[in-house]
Amino acid sequence: MINMDVEEMEREIVKLRKMAMDFESLAASYKYKYFEASRALQQAQIALDGYEAENRMLKREIEDLKRKLRLYKERCGELPEE
């Protein structure tokens with residue numbers, strides 16, 4: 001068993017309380033960083049969803065233009081040279 005006098009115990013308690021406060025501060029810091037990272041990830045996902053929707057729209061537009069060009073070529077022949 002460890003023999004400590006009251007003064008040594010009080011010093012040890014102060015050290016342990018300081019360590020506990022340091023851990024709480026560190027945990028709060030990591031919690032904040034996690035929250036910020038989660039927000040950034042969510043914003044990136046929203047932007048990605050927007051880009052994907054725009055990409056789908058552009059692909060549909062390209063397919064529509066290809067279809068119109070094909071129809072034009074069927075009706076009028078090749079496009080005139082400029």
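This passage looks at salt bridges and a nonpolar surface patch in a predicted model.

A search of the whole structure finds eight salt bridges. Three of these pairings are described here, beginning with E7 and R11. The closest N and O atoms of E7 and R11 are 3.0 Å apart, and the two residues form a salt bridge. This contact counts because a side-chain nitrogen of Lys or Arg has to lie within 4 Å of a carboxyl oxygen of Asp or Glu. Both residues belong to helix α1, which covers residues 6–76. Because E7 and R11 are four residues apart in that helix, about one helical turn separates them. As for the surroundings of this pair, E7 is exposed, with a relative accessible area of 53%, while R11 is partly exposed at 44%. The label for E7 follows because exposed means over 50% relative accessible area. The value for R11 is 44%, and R11 is therefore placed in the class between the buried limit of under 20% and the exposed limit of over 50%.

Further along in the numbering, D64 takes part in two of the contacts described here. One partner is R67: the side chains of D64 and R67 meet in a salt bridge, with 2.7 Å from N to O. These two residues both lie in helix α1, three residues apart, which is about one turn of the helix. The other partner is K68, whose salt bridge with D64 has its closest N and O atoms 3.5 Å apart. D64 and K68 are four residues apart in helix α1, so about one helical turn lies between them. Through shared partners, the salt bridges join D64, R67 and K68 into one network.

The members of this network can also be described by their accessibility. D64 counts as partly exposed, at 26% relative accessibility. R67 is partly exposed too, with a relative accessible area of 36%, and K68 likewise counts as partly exposed, at 46%.

A nonpolar feature of the surface completes the picture. L16, M19, F23, L26 and Y30 form a nonpolar patch there, and together these residues have about 550 Å² of accessible area. One of the patch members, L16, lies in helix α1. L16 is partly exposed, its relative accessible area being 48%. That value fits the patch, because patches are made of residues with over 30% relative accessible area and no salt bridge.

Key: Residues numbered from 1 in each chain as written. Predicted model: local features only at pLDDT ≥ 70, side-chain atom pairs only at ≥ 80, totals over all residues. Heavy atoms only, no water. Buried < 20%, exposed > 50% of the residue type's maximum accessible area, 1.4 Å probe, protein only. Patch = residues over 30% accessible without salt bridge, like charges linked within 9 Å, V, L, I, M, F, W, Y side chains within 5 Å. Areas by Shrake-Rupley, 256 points an atom, 1.4 Å probe, with all protein chains shown as cover.
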